[in-house]
Amino acid sequence: MNKYYLTAIVALGTIFYTTVPSWAQLRMYNPISLPSSNEVEDVLSEQDIPTGEGGFARDYYVYLEKDVQVAIDLMSDDFDPLVTLIAADGSKIGENDDGPDGTNNSLLFTRINESGNYIIRVRAFGEASGGKFKLRVT
């Protein structure tokens, strides 16, 4: 059962009631901001988002400009990385499992059609639990 706090707002003698999600619900999904360097070394673990397919995912948000060609490079020696670019409305822009260099590392190229915030999802292919990885956006 969802728990909400009841908040009363009084304005000009009229009382309005609204519900506000509890703290746990607010923290449930909170993508990590990609640093200004557009590069991060991190760890994918069982503490991240369950994919429903036996693995886990870690999300980063980044602002991308319209008409920019983007390369998203995801590398790991610990697991077979899979990278997905997701638009603000939840639609999948692109996904890559294995890059062109013959390794299991992922390399996704795409052109951005609309300026805005995007999600870069890092996950392991299949049911692998994860490990260390490096993500770079250029």
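## A buried tyrosine to start with

Let's begin inside the fold: Tyr-60 counts as buried because its relative accessibility is 0%. Keep in mind that everything here comes from a predicted model. Tyr-60 has a ring partner, Phe-133, and the two ring centres sit 6.4 Å apart with their planes at 75°, so this pair is edge-to-face. Tyr-60 belongs to strand S6 and Phe-133 to strand S12, so the pair ties together parts that are 73 residues apart in sequence.

Phe-133 is tucked away too: with 4% relative accessibility, this residue counts as buried. Phe-133 also pairs with Phe-79, again with centres 6.4 Å apart and planes at 75°, so that pair is edge-to-face as well. Here the link runs from the loop between S7 and S8, where Phe-79 is found, to strand S12, and the two residues are 54 apart along the chain. Phe-79 is buried, with a relative accessible area of 7%. Put the pairs together and you get a cluster of Tyr-60, Phe-79 and Phe-133. The count of aromatic pairs comes to 2.

## How far to trust the model

The chain has a mean pLDDT of 82, and 78% of its residues reach 70 or more. Over residues 1-11, though, the pLDDT is below 50, and this stretch has 28 contacts in the model beyond near neighbours in sequence. Residues 22-26 also stay under 50, with 7 contacts beyond four places in sequence. Where pLDDT is low, the predicted coordinates should not be read in detail. So take the contacts of those two stretches with a pinch of salt.

## Strands around S12

Which strands pair with S12? Strand S4 (residues 39-44) does, in the antiparallel sense, and 6 bridges join S4 to S12 (residues 131-137). To pick out one spot, Val-40 has Leu-135 in S12 as its bridge partner. Strand S7 (residues 69-75) also runs antiparallel to S12, and this pair has 4 bridges.

On the S7 side, have a look at Asp-73, which is in that strand. Asp-73 stands opposite Arg-136 in S12. Is Asp-73 buried or exposed? Its relative accessibility is 16%, so Asp-73 counts as buried. Leaving aside neighbours within four places in sequence, Asp-73 is in contact with Lys-134, Leu-135 and Arg-136, and also with Ser-106 and Leu-107.

## The nonpolar core

Now for the greasy part. The largest nonpolar core has 23 residues, and those touching the most other members are Leu-34, Ile-72, Leu-85, Ile-120, Phe-133 and Leu-135. Several strands chip in: S4, S6 (56-64), S7, S8 (81-86), S11 (116-124) and S12 each supply at least two residues of this core. Phe-133, already met in the ring cluster, turns up again here.

What does Leu-34 touch, not counting residues up to four places away in sequence? The list is Val-40, Tyr-60, Tyr-61, Val-62, Ile-120, Leu-135 and Val-137. Two of these names should ring a bell: Val-40 and Leu-135 are bridge partners.

## A glycine in strand S9

Gly-94 is found in strand S9 (residues 92-96). At 12% relative accessibility, below the 20% cut-off, Gly-94 counts as buried. Which residues does Gly-94 touch, not counting those up to four places away in sequence? They are Val-83, Thr-84, Leu-85 and Leu-108.

Take Leu-108 from that list: Gly-94 and Leu-108 are 14 residues apart in sequence, while their C-alpha atoms are 7.2 Å apart in space. Leu-85 is worth a second look too, being one of the core residues that touch the most other members.

## Two loop residues with positive phi

Finally, check the backbone angles in two loops. Asn-38 is not a glycine, yet its phi is positive, at about 60°. You can find Asn-38 in the loop between strand S3 (32-33) and S4. With a relative accessibility of 26%, Asn-38 falls between the 20% and 50% cut-offs, so this residue counts as partly exposed.

Asp-67 is the other one to look up: its phi is near 65°, again a positive value in a residue other than glycine. The place to look for Asp-67 is the loop between S6 and S7.

Methods
Residues numbered from 1 in each chain as written. Predicted model: local features only at pLDDT ≥ 70, side-chain atom pairs only at ≥ 80, totals over all residues. Heavy atoms only, no water. pLDDT = per-residue confidence, 0-100. Contact = heavy atoms within 4.5 Å. Pairing = 2+ DSSP bridges. Core = buried A, V, L, I, M, F, W, Y, C linked by side-chain atoms within 4.5 Å. Buried < 20%, exposed > 50% of the residue type's maximum accessible area, 1.4 Å probe, protein only. Phe/Tyr/Trp six-rings, centres within 6.5 Å; stacked < 30°, edge-to-face > 60°.
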